[in-house]
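Q: Please take a close look at one part of this structure. I would like to see how its two domains meet.

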Amino acid sequence: MTTSAALPDHFQPARADQELAFACHPGVSCFTECCRELDLALTPYDVLRLKRRLQLASGQFLDRYVIVEWDEEHVLPTCYLTMVDDGRASCVFVGAQGCSVYDDRPGSCRAYPIGRGAARGGDDSPVESLVLLREPHCRGFAEACRQTVGDYLRGQELEVYNRFNDALLPLVQHPAIRDRSFRPTRRQLDQYMLALYDLDHFRREMTDGRIALRRPLTPAHLAGLAGDDEHLLLLGIRWLSQEWFGE
Ligand code: SF4
Ligand code: SF4
């Protein structure tokens, strides 16, 4: 169990059943303050939702909105949403009316001020951990609205985000990645970006036969190749497990 002493400033451990006095709405004095000066890491499912929302091909979305960072310290790259150079490092999607992609906003935006982590459990089921982020600028804690942390998260419709993020765990928390015996080559880093973030390109590579799954494609995989991005993401995870770990 993580202790509060190990957490950064303003973070506290949280439980789903604990009470949370918090509300956020356009009437709060700090409206959109949390959409500035932040590092917003995007999961593959976040990108899937946003590129579809903006009616962009995944490659166009990555070119316009994503900065990829990778260094020797981290086994896998991190994809950050670009921020606007307005002196406040504002999110590229924030405006006077709030979030312009609200219904498809990233999972971490939905969960705020809760942060959710998940680890690969012994039987591959995810083990969830929660933190509460109490930043001084956030006036939502002064609102007269009480609920449990779990109810708050359910109200943010996070279930589908958690499902697709957790589907990555057997890959990104593979024992060989955890113990750092696996260090991706340049080619493997490109495969990671292709299969998880550049889904439209991945679909073309698969349908044109330039890359292939060694086991028979399931009906769900075929649906992914036919246009279903969610099933394609699961196929991408399966293909990477094959290419990296022979599984
Ligand atoms: S995506 Fe929307 S909610 Fe998230 S930081 Fe940007 S403007 Fe704010
Ligand atoms: S800072 Fe807190 S209360 Fe203000 S808009 Fe963001 S989440 Fe809502």
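A: What follows is a walk across the domain interface, with a short stop at a ligand site afterwards.

The model is predicted. Start with the division of the protein. Domain 1 covers 4–158, and domain 2 covers 184–245. Taken over C-alpha atoms, the centres of domain 1 and domain 2 are 26 Å apart.

Now the contact itself. Domain 1 brings 19 residues to it, and domain 2 brings 14. The two domains bury about 1400 Å² between them. Carbon and sulfur atoms give 67% of that area.

Next come the polar terms. Three salt bridges are found across the interface of domain 1 and domain 2. Eight residue pairs are in polar contact across this interface, both residues at pLDDT 80 or more.

Which elements form the domain 1 side? Two or more residues each come from helix 1 (44–53) and helix 2 (58–65). Helix 1 gives the most, with six residues. By class, the residues on the domain 1 side that touches domain 2 are 14 nonpolar, three polar and two charged.

One salt bridge can be named. Glu230 pairs with Arg52. The closest N and O atoms of Glu230 and Arg52 lie 2.8 Å apart.

Finally, the ligand site. The residues surrounding ligand 2 include Cys24, Cys30, Cys34 and Cys138. Phe22, Phe31, Tyr112 and His137 are also among them. The shell around ligand 2 has eight nonpolar and three polar residues. No charged residue belongs to that shell.

Definitions and conventions: Residues numbered from 1 in each chain as written. Chains lettered and ligands numbered in written order. Predicted model: local features only at pLDDT ≥ 70, side-chain atom pairs only at ≥ 80, totals over all residues. Heavy atoms only, no water. Near = heavy atom within 4 Å. Nonpolar A, V, L, I, M, F, W, Y, C, P; charged D, E, K, R; others polar. Domains from an automatic or database assignment. Contact = heavy atoms within 4.5 Å. Buried area = accessible area lost by both parts, 1.4 Å probe. Salt bridge = Lys/Arg side-chain N within 4 Å of Asp/Glu carboxyl O. Polar contact = N/O pair within 3.5 Å; in protein donor to acceptor, adjacent residues only side chain to side chain. Helix = DSSP H or I, 4+ residues; strand = E, 2+ residues; numbered from the N terminus.
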